[in-house]
Structure formats: structure tokens, C-alpha cells
Amino acid sequence: MKLLSKAIEKDNGGQVTLMPEEPEDMWHTYNLLQVGDSLRASTFRKVLTESSTGSVGSNRVRTTLTISVEAIDFDTQACQLRVKGTNIQENEYVKMGAYHTIELELNRKFTLAKKVWDSVVLERIEQACDPAQQADLAAVIMQEGLANIVLVTPAMTLLRAKVEVTIPRKRRGNCTQHDKALERFFEAVMQGILRHISFDIVKCVLVASPGFVKDQFCTYLFGQAVKTDNKILLENRSKFVQVHSSSGHKYSLKEVLSDPTVTSRLADTKAAGEVKVLEDFYKMLQQEPDRAFYGVAHVEKANEAMAIDVLLVSDELFRHQDVATRSRYVKLVDNVRDNGGTVRIFSSLHVSGEQLNQLSGVAAILRFPIADLSDAEEDSSSDEE
């Protein structure tokens, strides 16, 4: 997704102009749109024309319309997005107040205006427009003396760092120079990984090389992590996957990603983040039920006590048509972040998101147990009524 312009006022009202570049961007746009927003985009309209002889014909014309959004239809299989609403700006082909359905197209810009842009929506735009935010796969393609650190998004491969160190050959009876240079090389690659790979976003790091370079590097990497007590590397050790490549050049990534054994391992690793958090929640629910809450009333009660360590929330809740309900979830997300908690927003298209929706779409793992929830239970029962 490309952000072409952004004009948001101090009262959080305003508009943004975006251009979807790939099918996945339609899913992001679907999550941005709400009933009551105004959408301006290029579209086709069937126009009736009358000739001088009185015969009536019809033809399709391309025009730009601004509509007030009333219904949003997203086809998950074809990644097509149709938005229905009434025309709110003068147009030579369409009367004011007339209904029209705009089908958003790839590589055609649209302008979306809202009365209030909340933090969740703005974060969604940032995530959709920043390629690094989508890159949940990183790769270190290496050979002795050369390493390429890349981020892989659904649309492109971004080279983040290239490390080159001259490594002398081993000499008979004396490998000191070779070993020292190799250590310097591994240190430079390790610093490149720490600088350019955000483990909050990246779910898998491929380490690929010919021969045993990848094995030596991983031994060095985690050896140094233990020595220096580097928690980032130690906590994300399971994300590193060692694979074979024919060289340390960037083009070798293609052969690595097309290997069926690698793709099957990647599928498990990339989905592991959301699945693991949900598993942790279920374990906590069994072992310490006073530290695992679900349902909005209970979770809000835990939030008031500043007890939430991890908040699990489905993106479906942010598409709620009732503004007050939507604002309630946005406020919850903001509060948890302000109190130092972690927020994991689950996609309702993913199996883990579907499971979370069965638990009301919102759940929390707490820092400490909370036993007395009689007030929250009364709130939730009154909500149901």
C-alpha cells in the first residue's frame, strides 16, 4: 500500500489518500472502512443517453465519485472490495443522494475521510504502508566473508545490510589469522541482525549458506548471546531456521524459498506467534484461571487494576458499526499499551483469530491473579440483556 497524502487535524478528523498495490492491501482497506466514512474514488457508471432522434442508449463512463459509506462487502477468496453508499458531491453523471457501488481497484488511488481517526486505524495504515512492517520473514544469506541480510515481504525482498570481510586462507599449521577474521565477520553479521531485524514483527529468520558456515555462525551467535546475556536473541532462538544455499549472494534466496521442505517449515514458524500466545492463554486458563480472562467486561475489570500483561483482540471487533462499541475496544488497547502491556491483534482470516472469536474476540493474560469479579459479571449480564 502506498500513502499518497495524509491530512489529519488536531481533533483527529481528516482524510488520507492511499493506493492499494497488491491483493493483501484490500484486506487492510476493508479494516479501515466504516459505515459513515466518506470515500472518493474512480469508478464506472452506466449513463443513459438520448439521441436527436429520440432513441435512448446506455454506455459506461469512468467518473470520480464521493460517497457516504453505507455497506462494505469483501470477498476473501478474490480479495475484491465493494463499497456501497450515496453520492454526496455534485457530479455530471450522478445526482446527489443517488446510490452507487464503488469497486476499489489495485493501483488506483482512493481518498478516505473520517470524523475521527483512532489509534488502531492509524496503526493499520502505518503497518500497510511500511514494507518493513509486513516483513515477517528475514533471511541471512552467507558464505565465508560475505553476508546479505534481507527482509522478505509478500511483494518484495528488501536488502537491509551487506557485510563483507576479507578472510585469509588457512595456512598449514597456522589458522590464527583465518579464525580471527572469521570471528570479526560473524560479529559484524550479528550486529547487522540486531540492528535491522525487528523480532516483534519478524516471525522467522532463515540462515542459509553452502557447507558449514551457517552452523558455525549460529554456534557463535548463540554462544555470544549467552555470554552477553542478550535476551532478544535468546528469547527468539526458536525463530532461526538453518537451510542450505548454493552461495552467499542475494539471488540464492529464490532457490531457498522454493525448496518445499523449507516452505513447510516456514508455514509453521510464521503462524507460530499468534498460535503460541493463544496456547499460553489456554494453559493459563487451565492452571491459573484467575490470571486468564475473556469477555470484554472481565478484561476491562483487569485493565482497571492495571493487571494485563498480554491483550489478545480480534480485528473483527474494530469493524463494529456502532461507534461507541468500537471506541470501547480502541480505548482498551490504548490503556493496555500505556500500562506497559503487550497487545496482539489477531486476523479473523487466520485460524488463531477464528478461535479467539469463539472466546468473544477479546482475552487477556494477567500479571497477577484477580479473584473478585462479581461487579464485572453483573456488567456482562446486563450487557447481554
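Helices (H or I, at least four residues) and strands (E, at least two) are DSSP runs, numbered from the N terminus, and the legends below use these labels throughout this predicted model.

**Close-up A. Helix α10 at the second largest pocket.** Let's start with an open space in the predicted model. This pocket, the second largest, has a volume of about 340 Å³. Its lining consists of 14 residues, and those nearest the centre are Gln34, Asp37, Lys115, Val116 and Val323. Which element gives the most to this lining? Helix α10 does, with four residues. Strand β7 (110-114) is also represented, since β7 and α10 each supply at least two lining residues. By class, the lining of the second largest pocket comprises five nonpolar, four polar and five charged residues.

**Close-up B. Helix α2 packed with helix α10.** Here we stay with α10 and bring in a partner. Helix α2 covers residues 119-129 and helix α10 covers residues 323-338. Their axes lie 9 Å apart and form an angle of about 75 degrees. Angles of 65 to 115 degrees count as roughly perpendicular, and α2 and α10 are therefore roughly perpendicular to each other. On the α2 side, the contact involves Ser119, Val120, Val121 and Glu123. These meet Arg326, Val330, Val333, Asp334 and Arg337 of α10. The residues of this contact divide into four nonpolar, one polar and four charged.

**Close-up C. Helix α1, largely enclosed by the rest of the structure.** Is helix α1 (residues 23-32) mostly buried or exposed? Eight of its 10 residues are buried, so α1 is largely enclosed by the rest of the structure. The buried residues are Asp25, Met26, Trp27, His28, Thr29, Tyr30, Asn31 and Leu32. What covers them includes the strands β2 (14-19), β4 (56-75), β5 (80-87), β6 (99-104) and β7. Helix α2, seen in close-up B, is also part of this cover.

**Close-up D. The largest cavity, with β3 and β6 in its lining.** We finish with a closed space. How many cavities of 30 Å³ or more does the structure hold? There is one, and the largest cavity has a volume of about 30 Å³. Look for Ala41, Ser42, Glu103, Leu104, Glu105, Arg108, Lys109 and Phe110, which line this cavity. Strands β3 (38-50) and β6 each supply at least two of the lining residues. In terms of class, three residues of the lining are nonpolar, one is polar and four are charged. Strand β6 also appears in close-up C, among the elements covering the buried residues of α1.

Notes: Residues are numbered from 1 along each chain as its sequence is written. This is a predicted model: local features need pLDDT of at least 70, side-chain atom pairs count only at pLDDT 80 or more; totals for chains, interfaces and linings use all residues. Side-chain values use heavy atoms; hydrogens and water are left out. Axes are lines fitted to C-alpha atoms, for helices over the stretch in contact, and angles run from 0 to 180 degrees between N-to-C directions. Angles under 35 degrees count as roughly parallel, over 145 as roughly antiparallel, 65 to 115 as roughly perpendicular and the rest as oblique. Contact means heavy atoms within 4.5 Å. Ala, Val, Leu, Ile, Met, Phe, Trp, Tyr, Cys and Pro count as nonpolar, Asp, Glu, Lys and Arg as charged, and the others, Gly among them, as polar. On a 1 Å grid over the protein atoms alone, a cavity is a set of points where a 1.4 Å probe fits but cannot get out, and a pocket is an open set with protein on both sides within 12 Å along at least five of seven lines; lining residues have an atom within 4 Å of a point. Grid points are joined across faces, edges and corners, and a volume is the space filled by probe spheres set on the points. Buried means under 20% relative accessible area, exposed over 50%, partly exposed in between (1.4 Å probe, protein chains only).
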